[in-house]
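Welcome! Below are some exercises to work through with the model open beside you. Try each task yourself before reading its solution.

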Amino acid sequence: MSTVSGLKRPQSSEKNHRDRVFVRATRGKVQKVVREQYLRNDIPCQSRACPLCRSKLPKDSRGNVLEPILSEKPMFLEKFGHHYLIPDSNIFYHCIDALEHPNNFFDVIILQTVFSEISSKSIPLYNRMKRLCQEKTKRFTPFSNEFFVDTFVERLDDESANDRNDRAIRNAASWFASHLASLGIKIVLLTDDRENARLAAEQGIQVSTLKDYVQYLPDSEILLDMVSAIADAIASKEQVESGTKNVYELHWSMSRLLACIKNGEVHKGLINISTYNYLEGSVVVPGYNKPVLVSGRENLNRAVQGDIVCIQILPQDQWKTEAEEIADDDEDVVVSTAAEPDSARINDLELITKRNAHPTAKVVGILKRNWRPYVGHVDNATIAQSKGGSQQTVLLTPMDRRVPKIRFRTRQAPRLVGRRIVVAIDLWDASSRYPEGHFVRDLGEMETKEAETEALLLEYDVQHRPFPKAVLDCLPEEGHNWKVPADKTHPLWKNRKDFRDKLICSIDPPGCQDIDDALHACVLPNGNYEVGVHIADVTHFVKPNTSMDSEAASRGTTVYLVDKRIDMLPMLLGTDLCSLRPYVERFAFSCIWEMDENANIIKVHFTKSVIASKEAFSYADAQARIDDQKMQDPLTQGMRVLLKLSKILKQKRMDEGALNLASPEVRIQTDNETSDPMDVEIKQLLETNSLVEEFMLLANISVAQKIYDAFPQTAVLRRHAAPPLTNFDSLQDILRVCKGMHLKCDTSKSLAKSLDECVDPKEPYFNTLLRILTTRCMLSAEYFCSGTFAPPDFRHYGLASPIYTHFTSPIRRYADVLAHRQLAAAIDYETINPSLSDKSRLIEICNGINYRHRMAQMAGRASIEYYVGQALKGGVAEEDAYVIKVFKNGFVVFIARFGLEGIVYTKSLSSVLEPNVEYVEDEYKLNIEIRDQPKPQTVQIQMFQQVRVRVTTVRDEHSGKQKVQITLVY
Amino acid sequence: MSRHLETSLNNKEFVLNSLEKGLRLDGRQLSDFRSLEIQFGKEYGQVDVSFGHTRVMARITTEITKPYTDRPFDGIFSITTELTPLAYSAFEAGRVSDQEIVISRLIEKAVRRSNALDTESLCIISGQKCWHVRASVHFINHDGNLVDAACIAVIAALCHFRRPELTVVGEEVTVHPVEERVPVPLSILHMPICVTFSFFNNGELAIVDATLEEEDLCNGSMTITLNKNREVCQIYKAGGIIIDPSKIISCAKTAFDIAVSVCSVIQQALDEDLRKKETQYLGGSAENERS
């Protein structure tokens with residue numbers, strides 16, 4: 001039973017009730033529809049001043065009368081008197097922001113006609129209007145004019161729905177005007193429709209356009225801006241809608257692209273976007289000795305980092321030099337440089353005559369997209385809080401600086417503020433400035449360790465998911481209780497040597513759990529040395545073509561973050577059964593050399609073995625033990641032999657021309673209890689570090705030779721190609737101009753020698769800096785399958801070794817697992833699995849592990865960077881830094897103590913007047929004239945210069961994120 | 001429509017009289033929920049919810065389909081409910097009764113329309129591929145309060161469910177079998193709980209979690225759906241006696257207390273079962289602390 005209390009229709013009055021009869025035809029059926037509308041006469045006007053409507057006011061559940069909404073003394077304006085406002089639908093539709101202004105627009109009547117017109121046009125807007133009515137201070141009231149006897153109008157025969165609604169609005173306004181006339185309150189009808197205004201004026205209603213009305217208000221300036229900005233927005237939106245203008249050139253068709261690639265008109269290649277400027281990319285194209293530049297939004301034409309694109313080389317007069325400006329986070333700056341051919345372009349023209357410009361091209365098509373889910377945060381500025389749960393379009397600012405912002409639609413925008421989220425790109429139309437994507441998932445609050453770690457792992461495509469059941473099923477059933485069989489006749493002992501009595505120990509970083517390698521050395525009766533490197537026998541547990549094998553292959557490598565390790569193999573193997581822990585028997589793969597006094601190899605022998613490590617040292621412990629002359633036990637003596645031989649080996653290697661390019665590694669000190677980062681320090685390298693390194697290199701080289709001999713076509717090796725000389729061009733030029741020095745780069749040997757010579761006695765750090773920059777000119781080392789290159793190309797440039805592989809860390813690198821299997825087959829321990837002699841499969845695996853290796857390195861670096869940032873949080877540090885790159889509007893500094901690189905914008909040098917900057921391109925120099933009072937001065941910044949910088953973290957207003965900010969101290 | 005036996009007058013009088021005195025046949029207080037039992041099945045997303053003699057099962061399944069054209073960025077979530085004679089002899093097979101429509105609408109509104117399941121995260125490639133998550137609810141036995149039971153079952157099943165992991169490369173989607181990749185949970189934004197009140201004595205008396213007999217005798221009922229963040233998702237009252245607004249407020253307060261306790265029971269059951277299920281992945285974590 002439901003009760004509806006309404007007005008009973010007086011029998012006599014026909015006026016209270018309308019019948020509408022119309023006939024509707026659907027699928028051949030004719031239906032008569034009768035709509036009855038009952039009109040009321042008890043709708044109050046909601047004015048506090050009105051005594052007539054008092055009795056009509058509605059009551060709440062307790063029977064209390066609800067107070068009317070409109071104030072008895074509304075706003076007074078000279079032109080209109082004390083008045084209430086009645087805006088029409090279009091005012092709400094276009095200018096609701098202005099009406100929502102907290103200090104303006106009070107006492108507004110929203111007619112039911114307006115409400116229904118808006119609700120049919122936009123539900124979010126309708127909700128905003130409803131919210132306005134609920135806000136006590138704004139005094140907006142709805143008025144059901146369509147149900148009110150005195151204001152109801154019927155549509156005339158030749159009248160359009162819109163005209164009827166306008167008439168209804170006018171009628172309601174005129175009813176209010178007469179109803180309130182005796183109380184001294186006027187009505188102002190707000191409409192931007194000229195015809196409506198004219199008719200209203202004829203009816204004697206006070207009428208005004210919103211713009212005119214706003215002019216009489218005290219805050220008119222702000223409001224006018226809002227009103228006209230909105231009006232302009234509408235205008236421009238309509239323009240866009242009328243003729244969909246393409247922001248980008250259309251891509252060529254696939255068939256045209258393929259044909260043009262064939263005839264050489266366009267080139268294909270992988271696009272690499274600059275980390276300093278996301279509007280500049282480069283493509284390495286055979287036939288050009290420099291990477292081909294693609295610069296500007298239009299030329300990039302929707303290419304995203306990593307896409308395989310087709311580029312068309314531009315005429316030579318449009319060639320450019322590499323960007324001289326750093327793209328700021330601020331979008332506008334970038335847009336202006338891309339859009340207008342201003343001074344930058346003119347400068348370029350001059351420069352071309354001076355320095356040879358890069359070949360420049362534009363993207364005409366994209367062969368293969370490299371889209372992946374991108375991690376980032378929502379740009380706060382794009383979120384309309386007031387929209388609540390309705391769907392809206394927002395922009396994602398990706399973590400990867402090389403990726404453009406991504407537009408996506410979501411209903412949960414307000415919830416996403418300050419969260420790390422994942423968004424995938426779906427498409428990028430020529431008409432859309434930004435790529436369009438969709439929300440994938442929420443990683444958590446920004447700046448929290450969990451969310452940032454997760455973000456980092458995703459961003460570098462680190463496979464960090466838990467090991468699935470299929471993999472865990474491959475583990476030995478005994479679990480942690482697995483033991484080397486005591487019975488030496490056991491089949492597992494077959495072809496295994498018993499090295500349990502050798503004095504073997506391991507030396508690793510402190511706290512290392514996954515111990516891959518252990519060593520021993522002793523003196524042979526003939527006076528030579530026996531040196532053994534013992535590597536965890538991972539392949540005993542990880543058999544080819546099992547789930548665990550393919551999982552390890554897809555992970556490729558263990559990834560080390562500051563506080564975490566993402567394992568390649570399940571814990572049970574990695575930190576227990578394979579790990580060469582001390583005091584327990586473990587299976588190993590041993591490489592035994594006989595060496596003479598001068599570390600010349602007399603004999604090498606590989607065998608599977610069983611070892612029992614006597615001790616696990618940290619580098620520091622081992623160093624202390626070796627240095628402690630009181631220790632004379634055989635184990636320590638063995639270690640001393642190892643150290644002695646390693647020094648000779650190192651010297652030999654250096655003589656061969658191995659490069660010493662080690663970049664400084666930082667260590668994050670963490671608080672013991674909270675594990676929050678506290679401080680940053682540069683890692684100390686001890687002699688024992690190099691001891692282990694030398695023997696591992698030696699083992700790798702010996703194994704490489706062995707497996708290459710056994711499998712000339714399919715051995716898994718590692719090469720490091722010599723960098724093309726052009727890579728050094730810009731560094732050479734910088735060196736010549738700034739320091740008057742020269743590097744000899746033709747061979748690694750001469751490079752090593754000239755690097756040693758490039759020393760600036762005044763700046764001791766200069767040499768390290770130069771080594772860092774030299775490293776950046778080099779190519780990265782890669783795994784490959786021996787059949788894919790000619791033997792001269794096997795060379796490892798950095799280590800100056802003709803052949804090399806990875807053998808010594810099978811717990812954490814998959815390449816080593818392959819090498820183990822190949823070596824086992826090469827020494828006839830087992831027959832080779834067909835998968836290891838399938839060249840095409842091996843090539844595929846090598847590509848995979850190269851990619852994973854690169855990603856792991858970057859993830860590790862990013863993790864350090866994050867922790868350095870966290871360690872700096874809140875504090876202010878002044879540090880020495882060195883300039884390593886100079887741009888027109890800023891420069892990049894390297895802060896040695898933190899191993900941190902950062903951009904200093906010239907405009908940040910002064911908060912008052914933007915400094916005048918003179919960029920001396922030839923000398924890699926900036927003359928910055930600071931015009932601030934009281935002491936204007938000029939600061940010079942040149943490459944390699946040592947500067948003092950202040951490192952602080954600031955909260956980026958835009959993203960709500962902590963950012964390391966570096967400013968120059970002068 | 002086959003009718004079930006109406007309660008005898010004696011019985012009716014007895015029940016109503018005792019309710020007026022604050023007593024219920026099963027010894028509960030007026031605002032007591034029957035003790036809730038939740039059991040999960042062997043597979044993810046299977047749940048069996050029972051209180052008293054009411055028993056409901058729910059099961060979640062997924063498939064990959066094309067999203068609706070007007071919602072290219074959303075996955076699809078649908079709930080199917082069917083009342084069969086299995087649960088109660090008065091339900092007829094193959095005919096959609098009013099009660100069934102009401103129940104399915106209520107569940108739909110409570111779980112789907114309240115955005116308990118984040119459908120945006122079900123999108124795989126916008127406009128082309130998305131997950132379709134289907135919850136099918138089976139009523140096993142009817143002893144009153146099917147709506148609350150069904151809602152609990154659907155929510156528990158959603159929280160329990162794990163969907164297979166995916167990798168998307170360009171337009172190519174690979175679905176990894178559960179053995180190959182550890183499956184991932186759905187993104188549940190909140191847990192809406194339905195609490196149904198039955199009114200007696202012209203609205204004077206409101207009881208929670210009515211049994212079948214009490215449902216037959218009541219003057220009207222109202223369902224409040226809310227979550228533990230005190231957010232009311234729906235208040236459903238179709239017809240019946242008039243209720244005082246203040247009564248609704250007090251009902252909502254009772255409903256909140258019940259929702260909190262129901263949530264904790266669900267959570268506890270979930271934790272327990274998932275812990276049991278996860279033993280198979282023991283030692284499988286790839287992310288480990290560096291000491």
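Helices (H or I, at least four residues) and strands (E, at least two) are DSSP runs, numbered from the N terminus. With that in hand, chain A has 25 helices and 39 strands. This is a predicted model: local features need pLDDT of at least 70, side-chain atom pairs count only at pLDDT 80 or more, and totals for chains, interfaces and linings use all residues. Residues are numbered from 1 along each chain as its sequence is written, chains are lettered from A and ligands numbered from 1 in the order in which they are written, and side-chain values use heavy atoms, with hydrogens and water left out.

**Exercise 1. Find where chain A should be read with care.**

Step 1: Start with pLDDT, the predictor's confidence in each residue, from 0 to 100. Its mean over chain A is 83, and 89% of the residues reach 70 or more.

Step 2: Look at residues 1-13 of chain A, where the pLDDT is below 50. Counting a contact as heavy atoms within 4.5 Å, this stretch has 9 contacts in the model beyond near neighbours in sequence.

Step 3: Go on to residues 329-354 of chain A, also with pLDDT below 50; here the model has 32 contacts beyond near neighbours in sequence.

Step 4: Where pLDDT is low, the predicted coordinates should not be read in detail.

**Exercise 2. Work out how helices α21 and α23 of chain A are arranged.**

Step 1: Locate α21(A) at residues 729-739 and α23(A) at residues 766-777. Axes are lines fitted to C-alpha atoms, for helices over the stretch in contact, and angles run from 0 to 180 degrees between N-to-C directions.

Step 2: The two helices pack at an angle of about 155°, with axes 11 Å apart. Angles under 35 degrees count as roughly parallel, over 145 as roughly antiparallel, 65 to 115 as roughly perpendicular and the rest as oblique. α21(A) and α23(A) are therefore roughly antiparallel to each other.

Step 3: List the partners. From α21(A) come L731(A), L735(A) and K739(A), which meet F766(A), L770(A), L773(A), T774(A) and C777(A) of α23(A).

Step 4: Sort them by class: Ala, Val, Leu, Ile, Met, Phe, Trp, Tyr, Cys and Pro count as nonpolar, Asp, Glu, Lys and Arg as charged, and the others, Gly among them, as polar. The contact has 6 nonpolar, 1 polar and 1 charged residues.

**Exercise 3. Decide whether R852(A) is buried or exposed, and find its partners.**

Step 1: Place R852(A) in helix α25 of chain A, residues 839-872.

Step 2: Apply the cut-offs: buried means under 20% relative accessible area, exposed over 50%, partly exposed in between (1.4 Å probe, protein chains only). At 15%, R852(A) is buried.

Step 3: Leaving aside neighbours within four places in sequence, R852(A) is in contact with D461(A), Q463(A), S554(A), R555(A), G556(A) and T557(A).

**Exercise 4. Examine the backbone of D461(A) and E447(A).**

Step 1: Most residues other than glycine have a negative phi.

Step 2: D461(A), a partner of R852(A), has a positive phi near 55°. D461(A) sits in the loop between α13 and α14 (469-472) of chain A and is partly exposed, at 29% relative accessibility.

Step 3: E447(A) has a positive phi of about 75° and is not a glycine. Its loop runs between β18 (436-445) and α13 (449-459) of chain A, and E447(A) is buried, with a relative accessible area of 16%.
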